[in-house]
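Thanks for coming. I will take a few minutes to walk through one structure, starting with a pocket and then turning to two single residues. Please have a look at it first.

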Amino acid sequence: PSMIAESMWRAHVGATMFNAGAVSIETGDLVEPPFKFAILACAAMPFSGISELRRVAGLPARREIEYNTFTMPTFHIMGIEDPYKSLSEETAALFANRKVMYIPGGHAIGREERKDEALLEELKTFVNSRGNPPPKVPVATFQPMSEVSNVALLPNAQVALVNLDHSKLPSRKANGATILSLMREWPADRAFLHESRVEDATKCLTYGDALEFVRGGKGDLRRLGVKPGEVVA
């Protein structure tokens, strides 16, 4: 976006790269880039790694670059359906101070991204702070899901927060207010989870499927020796 490029030009400290890396012309080694921050979009190469790139370029072998080697702040933009996404993620892992955002589409930055307000705001903050934006405190906005529960999704994080009205839970029943007892309250053929990429609403995981998985199935933690009251991750 033009506003990002203009901000970086005025600062004279950043660089924008598409499908690129920082390589020494003399030795072919990866080096700490001479910038205070960088924005890398779809930064993958058509090789399995740095070692393969060196071999193809006819350079001598070197030890593998370890993750979090470089300290320069970086902003990585990756397409969710990019066939080179795993390689872009491997490149991002080389930078200790990295910010990663995923966009729809493949190995390209399309015009649609100009309307992506979340992406533009993150980029603007990153550039204006020269790659060191102040930490953001996620704000949870809860939405009612039922008479008992409210759910909030933290922005840019795969975290869901759940608030329960314990006064309305079936805690007086024999099984208590456990996850399993609440799941049993629903019909076994009722949809429990849908896959967002599948348009057919009938293809889903039902409450019965989920209960079968965690009670006697492969998801039953008792198979691993976990006892009631123990905490596992």
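What you see is a predicted model. I begin with the largest pocket, which has a volume of about 930 Å³. There are 24 residues lining this pocket, and those closest to its centre are S146, S149, L164, W186 and Y207. Which elements give two or more residues to the lining? They are the strands β6 (149-153), β7 (160-164) and β8 (191-194), together with the helix α5 (179-184). As for the character of the lining, 17 of its residues are nonpolar, four are polar and three are charged.

Now to the first single residue, L94. You will find L94 in the loop that runs between α3 (85-92) and β4 (98-103). Is L94 buried or exposed? Its relative accessible area is 9%, and buried means under 20%, so L94 counts as buried. There is also a distance to note here: E66 is 28 residues away from L94 along the chain, and the C-alpha atoms of the two are separated by 6.7 Å.

The other residue is D220. It sits in the segment after α6 (207-214). With a relative accessible area of 7%, D220 is buried as well, by the cut-off I used for L94, under 20%. What does D220 touch, if we leave out residues up to four places away in sequence? The contacts are F213, V214 and R215.

That is what I have on the pocket and the two residues. I will take questions now.

How values were computed. Residues are numbered from 1 along each chain as its sequence is written. This is a predicted model: local features need pLDDT of at least 70, side-chain atom pairs count only at pLDDT 80 or more; totals for chains, interfaces and linings use all residues. Side-chain values use heavy atoms; hydrogens and water are left out. Helices (H or I, at least four residues) and strands (E, at least two) are DSSP runs, numbered from the N terminus. Buried means under 20% relative accessible area, exposed over 50%, partly exposed in between (1.4 Å probe, protein chains only). Contact means heavy atoms within 4.5 Å. On a 1 Å grid over the protein atoms alone, a cavity is a set of points where a 1.4 Å probe fits but cannot get out, and a pocket is an open set with protein on both sides within 12 Å along at least five of seven lines; lining residues have an atom within 4 Å of a point. Grid points are joined across faces, edges and corners, and a volume is the space filled by probe spheres set on the points. Ala, Val, Leu, Ile, Met, Phe, Trp, Tyr, Cys and Pro count as nonpolar, Asp, Glu, Lys and Arg as charged, and the others, Gly among them, as polar.
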